[in-house]
Amino acid sequence: MDRDVNPVTVRKPDLITVGGSDAPLVDSFRRTISYLRLSVTDRCDLRCTYCMPEKMKFLPRREVLTLEELYELACGFIDRGVTKIRVTGGEPLVRRDIIDLFSALGRRIGNGLEELTLTTNATQLAEHADALAKAGVKRVNVSLDTLDRERFATLTRRDALPQVLEGIAAAKDAGLQVKLNAVALQGVNEDELPDLIAWGHSQGHDVTLIEVMPLGDIEEERLDQFLSLGTLRGRLERQWTFAESDHRTGGPARYYDIAETGGRLGLITPLSGNFCAGCNRLRVTATGQLYPCLGGAERVDLRAALRSDHPTRNLAEALAQAMMIKPEKHHFRMDTRGADPAQPRHMSMTGG
Ligand code: SAM
Ligand code: SF4
């Protein structure tokens, strides 16, 4: 049971160096891995139409790693040179006792770990903001695609915008830096994006726009959702002055300072501008499956290694294999109506 787990007191010393050595994780294209996206659940309290169908099938709980196992894995990655961990999902804050994991990992900050962050839909952020700040989290990414309550209810299939705005305000009050992420959706929030960006900047938040990716079956046609950020940027530049910024957060976004709003805008362009050459990331699902690429089928089973009789050796082998199979780049395409997704996995599974 997760409820009684205190990941620190139950930590087993023989598992703490996943890979069995201190060697950094370097893939076959000489990219050094420093960033782990750790999914702690595939479940969610929203049903964003671009992410999953209304009747999404979630994994049986027994398949999901315990908080203790998640902690062991995370520590192992830190010991192999990972300096940044983003906890993601599904919705991380729906997982019971998730703050225990943040508190335990927070104690690794300054001891290998440089940054511990979270991506959340913010429906439960008001409740957890103080505890996250206390655990050592300094920045959170909040997904917010619209400021219109009805549109939010249609887009997420849940009427939860007031809670989300409350969560964002609570995070700010708790001293957390909030970055807003919005998926740019053709004909859905396309008309509202300038207002959303301006609102975010007026509240002191960076805003990042993301192109929708063909991951997992959904009920809508992906091609109809897709909006190229190249096109959008052209439009925004007619009303605002963009200056390239050298700001980086370790992720794939490229940033621009906007003179008129005084804020920073990030663009993540997996379709219109491939950024894989600088990829420093690995993703681990809540069931301990390591996907070296969000857009690829390559996978290594860390749970089997972790639960084996020789976890240290088997995890070392699994990580060595992951470094060998991490592909050079993803091959997302968005040009054919009715096309199968690039991967059957939903983003909620691999973690955003
Ligand atoms: N539930 C949390 C949230 O929404 O922030 C964390 C997980 S969610 C999968 C992480 C990010 O992935 C969110 O910003 C979401 O908008 C984005 N996302 C989900 N499905 C996507 C897709 N098919 N293409 C692009 N982004 C997607
Ligand atoms: Fe849930 Fe995040 Fe997916 Fe929306 S994008 S359904 S909030 S996991």
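This passage describes the sheet of a predicted model, two helices packed on that sheet, and one buried arginine.

The sheet is open and has twelve strands. Their order is S7-S8-S9-S6-S5-S4-S3-S2-S1-S10-S11-S12, and the pairing is mixed. Strand S7 (242-244) and strand S12 (300-301) form the edges. Each of these two strands pairs on one side only. In general, strands of a sheet pair through backbone hydrogen bonds, either parallel or antiparallel. Strands S6 (residues 206-211) and S9 (residues 263-268) run parallel. Four bridges join them. Within this pair, Ile 210 stands opposite Ile 268 of S9.

Helix H8 (residues 229-239) packs on the sheet. Its contacts are with strand S5 (177-184), S6, S7, strand S8 (254-258) and S9. The direction of H8 makes about 140 degrees with that of S6. Helix H1 (residues 67-79) lies across another set of strands: S1 (35-39), S2 (84-88), S10 (281-284) and S11 (289-291). H1 runs at about 175 degrees to S1.

Strand S1 also holds Arg 37. This residue is buried, yet has no salt bridge. The nearest side chain of opposite charge is that of Glu 115, 10.0 Å away. A salt bridge would require a separation within 4 Å between a side-chain nitrogen and a carboxyl oxygen. Arg 37 does have a polar partner: its side chain and that of Tyr 35 are joined by a polar contact of 3.1 Å. Beyond four places in sequence, Arg 37 touches Arg 86, Thr 88, Gly 251, Pro 252 and Gly 352. Its contacts also include Arg 281, Leu 282, Arg 283 and Val 284.

How values were computed
Residues numbered from 1 in each chain as written. Chains lettered and ligands numbered in written order. Predicted model: local features only at pLDDT ≥ 70, side-chain atom pairs only at ≥ 80, totals over all residues. Heavy atoms only, no water. Pairing = 2+ DSSP bridges. Contact = heavy atoms within 4.5 Å. Axes fitted to C-alpha atoms, helices over the stretch in contact; angles between N-to-C directions. Buried < 20%, exposed > 50% of the residue type's maximum accessible area, 1.4 Å probe, protein only. Lys, Arg positive; Asp, Glu negative; His and termini not counted. Polar contact = N/O pair within 3.5 Å; in protein donor to acceptor, adjacent residues only side chain to side chain.
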